[in-house]
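This report follows the strands of one sheet, starting from a single strand and moving outward to its neighbours.

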Amino acid sequence: QYGIRPGDLVIMNVRRFFPAWGSDVAFEAFVRVARERRDAHFVLLGGAGTEALVAAARQRLEKEGLSSRFTLFDGDLPLAECAALMSIADICVSLMRETDMRPLAAILEGACAGGAPVIGDQPEYRAMEELGFSAIFAAPGNAASAAAAIDRYASDALLRQQAADRNARYLREHED
């Protein structure tokens with residue numbers, strides 16, 4: 001349905017394409033990883049008001065010859081489609097710039113769907129980690145750090161599975 005090849009490693013930014021929500025950092029990290037990993041497919045959500053940003057991202061991908069390995073959405077995506085995409089994501093990424101007091105609509109949903117999280121380092125997320133939540137943390141606003149975190153999961157299926165298993169336990173014990 002989305003042009004994602006069976007067997008590809010699916011890496012999804014679980015936030016909409018707003019710079020305040022770290023979409024520009026995630027996009028840059030995705031491009032870096034795409035240059036190195038031919039087995040990966042990248043998914044980025046648009047959101048109302050992001051059309052110009054998504055169009056600019058598409059132009060860059062065309063220029064770099066990476067378009068076929070990215071799925072970008074214009075405007076809002078129905079929740080059912082977003083959930084379907086999360087269900088096939090091996091790695092879910094959220095690199096919020098703004099302080100996120102409880103990431104229910106993104107990080108936890110991605111983890112609930114079985115994705116191994118790469119998240120920007122924030123105090124709320126570290127508090128979740130102390131309770132058993134598993135993620136690889138990227139330095140805030142740093143695409144190189146995010147790309148390295150993504151590559152670490154991309155290179156290690158066992159590490160991804162361990163994160164998913166720990167997060168399933170965390171979600172059962174600490175979230176509703």
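In this predicted model, strand E4 (residues 91-94) runs parallel to strand E1, and three bridges join the two. Within that pairing, Met 12 stands opposite Cys 92 of E4.

E1 itself spans residues 9-16 and is mostly covered, with seven of its eight residues buried. Strand E1 also pairs with strand E2 (residues 40-45), again in the parallel sense, and this pairing extends over six bridges. To pass from E1 to E2 the chain goes through helix H1 (residues 23-36), and the resulting β-α-β crossover is right-handed. The table gathers the residue pairs named for these strands.

| Residue | Opposite residue | Strand of the opposite residue |
|---|---|---|
| Leu 9 | Ala 40 | E2 |
| Met 12 | Cys 92 | E4 |
| Asn 13 | Leu 44 | E2 |

The wider setting is an open sheet of six strands, paired in parallel and ordered E3-E2-E1-E4-E5-E6. Which strands stand at the edges, each with a single partner strand? They are strand E3 (70-72) and strand E6 (136-138), and because each has a single partner strand, one side of each is left without a neighbour in the sheet. From one strand to the next, the twist averages 20 degrees.

Helix H5 (residues 123-130) packs on this sheet, where it touches E1, E4, strand E5 (116-120) and E6. The direction of H5 makes about 165 degrees with that of E6.

Key: Residues numbered from 1 in each chain as written. Predicted model: local features only at pLDDT ≥ 70, side-chain atom pairs only at ≥ 80, totals over all residues. Heavy atoms only, no water. Buried < 20%, exposed > 50% of the residue type's maximum accessible area, 1.4 Å probe, protein only. Helix = DSSP H or I, 4+ residues; strand = E, 2+ residues; numbered from the N terminus. Pairing = 2+ DSSP bridges. Right-handed = clockwise from strand over helix to strand, strands pointing away. Axes fitted to C-alpha atoms, helices over the stretch in contact; angles between N-to-C directions. Contact = heavy atoms within 4.5 Å.
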